Amino acid sequence: MTEDYKPTDNAIAERVNGILKTEVIYREHRFKSIEDANCRISGFICFYNEQRPHGSIGYKVPAMVHKESGLQQKKWK
């Protein structure tokens, strides 16, 4: 995802990928098919954005924070 192939250059994307792997992919061991993998991963993405609280944004869900206006509370640099 970066020119120099350094994970630190795109830390947020790398973190999301790590969460996806830990919470979905590694738990499954094997998907039944490509369609099953697509369905499970797509479902997790919806859950991640619409239901899963994120500590870095004050334990709110991203969909809620996206709709807010004004300064956002964020706990990363």
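# Exercises on a predicted structure

The largest nonpolar core has 5 residues: Ile19, Leu20, Val24, Phe44 and Tyr48. This is a predicted model, in which local features need pLDDT of at least 70 and side-chain atom pairs count only at pLDDT 80 or more, while totals for chains, interfaces and linings use all residues. Residues are numbered from 1 along each chain as its sequence is written, and side-chain values use heavy atoms, with hydrogens and water left out.

**Exercise 1.** Determine which helices supply the residues of the largest nonpolar core.

*Solution.* Step one is the rule: a nonpolar core is a set of buried Ala, Val, Leu, Ile, Met, Phe, Trp, Tyr and Cys residues joined through side-chain atoms within 4.5 Å. Buried means under 20% relative accessible area, exposed over 50%, and partly exposed in between (1.4 Å probe, protein chains only). Helices are DSSP runs (H or I, at least four residues), numbered from the N terminus.

Step two applies it. The core members are Ile19, Leu20, Val24, Phe44 and Tyr48. At least two of them come from each of α1 (11–28) and α2 (34–50). The largest share, 3 residues, belongs to α1.

**Exercise 2.** Describe the aromatic pairs and state how many there are.

*Solution.* Rings of Phe, Tyr and Trp (its six-membered ring) pair if their centres lie within 6.5 Å; planes under 30 degrees apart count as stacked, over 60 as edge-to-face and the rest as tilted. By this rule there are 2 aromatic pairs. The ring centres of phenylalanine 44 and phenylalanine 47 are 6.0 Å apart and the planes stand at 45 degrees, so this pair is tilted. Both residues lie in helix α2, 3 residues apart, about one turn of the helix. Phenylalanine 44 is buried, at 9% relative accessible area, whereas phenylalanine 47 is partly exposed at 32%.

The rings of phenylalanine 44 and tyrosine 48 also have centres 6.0 Å apart and planes at 45 degrees, so they too form a tilted pair. Phe44, Phe47 and Tyr48 make up one aromatic cluster.

**Exercise 3.** Identify the partners of the salt bridges and where arginine 52 and glutamate 23 lie.

*Solution.* A salt bridge is a side-chain nitrogen of Lys or Arg within 4 Å of a carboxyl oxygen of Asp or Glu. The structure holds 2 of them. Arginine 52 meets glutamate 23 (2.8 Å, N to O). This pair links distant parts of the chain, 29 residues apart: arginine 52 is in the loop between α2 and α3 (62–67), and glutamate 23 is in helix α1. Lysine 60 pairs with glutamate 68, their closest N and O atoms being 3.1 Å apart.

How values were computed:
Helices (H or I, at least four residues) and strands (E, at least two) are DSSP runs, numbered from the N terminus.
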